[in-house]
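Here are some friendly notes to read with the model open beside you. Take the points one at a time, and find each residue on screen before moving on.

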Amino acid sequence: MNFEFIIIGSGIGGLVSGIILAREGHSVCILEKNHQAGGNLQAFARDDHKFSTGLHYIGSMEEGQTLHRFFKYLGILKDLKLKQLDKDGFDRIVFGEEETCYNLAQGWDHFKDSLTRQFPGEKAAIDTYVATVLDSIRSIPLYDLETADSFNLDLSRLNQCTMSFLGSVTKNRRLQHVLAGGNSVYHGAARRTPLYLHSCIRNSFVSSAWKVTGGSDHLTEVLLQAFSNAGGTMVTDAEVTGFSIENDKIDGVILKDGRKYPGKNIISNLHPAATLQLGGLEKIRNSFRRRIEGLENSAGFFTLYLVFKENFFPYLNFNLFQYYSDDYFTDHLAADHWPHSFVVYTPFYEEGRKYTRTASIISFMKNEECRKWVDLPADQRGKDYYDFRDMKAEKLLDAVEKRYPGIRKGIEKYYVSTPVTFKDFTGSPEGSGYGILKDCKDPVRSIVLPRTKIPNLYFTGQNLNIHGILGTTTSAFITCSEFIGFKNLVSKVINA
């Protein structure tokens, strides 16, 4: 069958793009290299315990909020099961070995009131912060559907930097860092994090914050069902290695096993640099290739997946963000202070569970630490890679033990993933967790548009717009608007 659209990769960007195009009457095939669909939404099981790999919570899912409206259009709300996080503190932030815990509350009025109680005398600064965040997101395509008239970013706002803005709002360093906390600035590049990026992430979760019941693969299942219901075709174990070119256009994709899938238009949910490494694109303009391949990537994840003894560790209806000190929020992190931060996440399965059997401890790692192994096949990485991985795991556990004394006694076993693991499953260069780093010091360079220099090859996914589920979903809508029409698609979402 000659499909109108072939989508490479079944992460959130690929799945959402596939559903949109299939719902609009097009023939769509998604090709996924792994046996399991989902990309960063994948989960894995070990000894009857399940772990989410990339998605841990989502935002803006109350009636009428941005992601809720997109998901309503996609037709997945009735099947998607969610658990709202603690409204008084969905994200909780701690520093060093201090006992003080700073809570980020849901709802902007509640957020302001809560922080003002935690930082007496800083009400004016907190009010200014909230007003600026809300003003910033109005310039982001599709974050305000009623005023959206194009997918172009407001270039005048791209060079506003998060940390310099926070420094102008308050001289209280701890308040600056609480406002910057919760994965809303880049690891190792806090001072290059654009304000618009921070604002989108902060607004999404303050609006409302939720866990996906049963883990991230539940969202995958719901999206796959919607794609199937719309008439889409999903093929797993289908690794794309190249393109068939005819008259300077792609007429199909070639799989590793030699199969060919003909297609009229190709949408790649892979990292743009990984896309350009596929066969058949050797003649693409060198200047375009150099720009894409030269873009800096964000840091990678180092994750511990813990299995606890029964009735040992409590279920947390919030995410705990630990920072080693106030010195975290800079661009130069000392290697001997690793882990510089970590997040504690426990999954939600059903109401009434007081304890959890599993938890994920997520930290960041500089890409260069794994560079010597990241492109090697698993059987060629050698003992030094596994020794390195085990050493890092023990260091991270030591840090967690300081926050939760005695936690090691309750751990039955643990599993580890590194940026190398992440690259194995997602293909993201260097194992980058969030893909291309958006730099407020050089903002235009990192803008990636859906259209490429090949007439019928398009990009989608988190590298185009904003990171995270909401950002990647909006990127998919932007890519699909190239075929459906931006205002036409926005109207469909508004009237869904």
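A charge sits over a ring if NZ of Lys or CZ of Arg is within 6 Å of the ring centre and within 35 degrees of the ring normal. Please keep in mind that this is a predicted model.

1. **Charges over rings.** With that definition in hand, look at R23: its charged end sits over the ring of Y73, 4.6 Å from the ring centre. You can find another case at R92, whose charged end sits over the ring of F318, at 3.9 Å from the centre.

2. **Aromatic pairs.** How many aromatic pairs does a search of the whole structure find? There are 31 of them. One to look at is Y57 with F205: the ring centres are 4.3 Å apart and the planes make an angle of 20°, so this pair is stacked. The cut-off behind that word is a plane angle under 30 degrees. The pair also links distant parts of the chain, as Y57 lies in the loop between β4 (49-52) and β5 (58-59), while F205 belongs to helix α7 (residues 195-207), 148 residues apart. Are these two residues buried or exposed? Both Y57 and F205 are buried.

3. **An aromatic cluster.** Try selecting F95, Y102, F119, Y323, Y328 and F329 together, as these residues form one aromatic cluster.

4. **The three-stranded sheet.** Here the strands are ordered β5-β9-β6 in an open sheet with antiparallel pairing. β5 and β6 (82-84) stand at the edges with a single partner strand each, so one side of each has no neighbour in the sheet. Three bridges hold the antiparallel pairing of β6 with strand β9 (residues 209-212). If you want one position to check, K83 has K211 in β9 as its bridge partner.

5. **The seven-stranded sheet.** This open sheet has mixed pairing, and its order is β8-β7-β16-β17-β19-β14-β20. Its edge strands, β8 and β20 (411-417), each pair on one side only. On average, neighbouring strands in the sheet are turned by 20° against each other, direction ignored. Within the sheet, β7 and strand β16 (residues 319-323) run parallel and are joined by five bridges. D91 stands opposite N319 of β16.

6. **A mostly covered helix.** How many of the eight residues of helix α6 (residues 173-180) are buried? Seven of them are, which makes the helix mostly covered. The buried residues are R174, L175, Q176, H177, V178, L179 and A180. They pack against several elements, namely β7 (91-95), β8 (102-104), α3 (108-118), α4 (123-137), α5 (162-169) and α7.

7. **The two ends of α6.** At the start of the helix, a side-chain oxygen of N172 comes to within 3.1 Å of the backbone nitrogen of R174. Just after the helix, G182 has a positive phi of about 80°.

8. **A lysine to follow.** K123 is found in helix α4. Why does K123 count as partly exposed? Its relative accessibility is 49%, and the class called exposed requires over 50%. The side chain of K123 makes a polar contact of 2.8 Å with the side chain of D127. You can also compare the position of K123 with that of D113: ten residues separate them in sequence, and their C-alpha atoms are 8.5 Å apart in space.

Definitions and conventions. Residues are numbered from 1 along each chain as its sequence is written. This is a predicted model: local features need pLDDT of at least 70, side-chain atom pairs count only at pLDDT 80 or more; totals for chains, interfaces and linings use all residues. Side-chain values use heavy atoms; hydrogens and water are left out. Rings of Phe, Tyr and Trp (its six-membered ring) pair if their centres lie within 6.5 Å; planes under 30 degrees apart count as stacked, over 60 as edge-to-face and the rest as tilted. Helices (H or I, at least four residues) and strands (E, at least two) are DSSP runs, numbered from the N terminus. Buried means under 20% relative accessible area, exposed over 50%, partly exposed in between (1.4 Å probe, protein chains only). Two strands pair if DSSP finds at least two bridges between them. Contact means heavy atoms within 4.5 Å. A polar contact is a pair of N or O atoms within 3.5 Å; within protein, one must be able to donate a hydrogen and the other to accept it, and residues adjacent in sequence count only if both atoms are side-chain atoms. Axes are lines fitted to C-alpha atoms, for helices over the stretch in contact, and angles run from 0 to 180 degrees between N-to-C directions.
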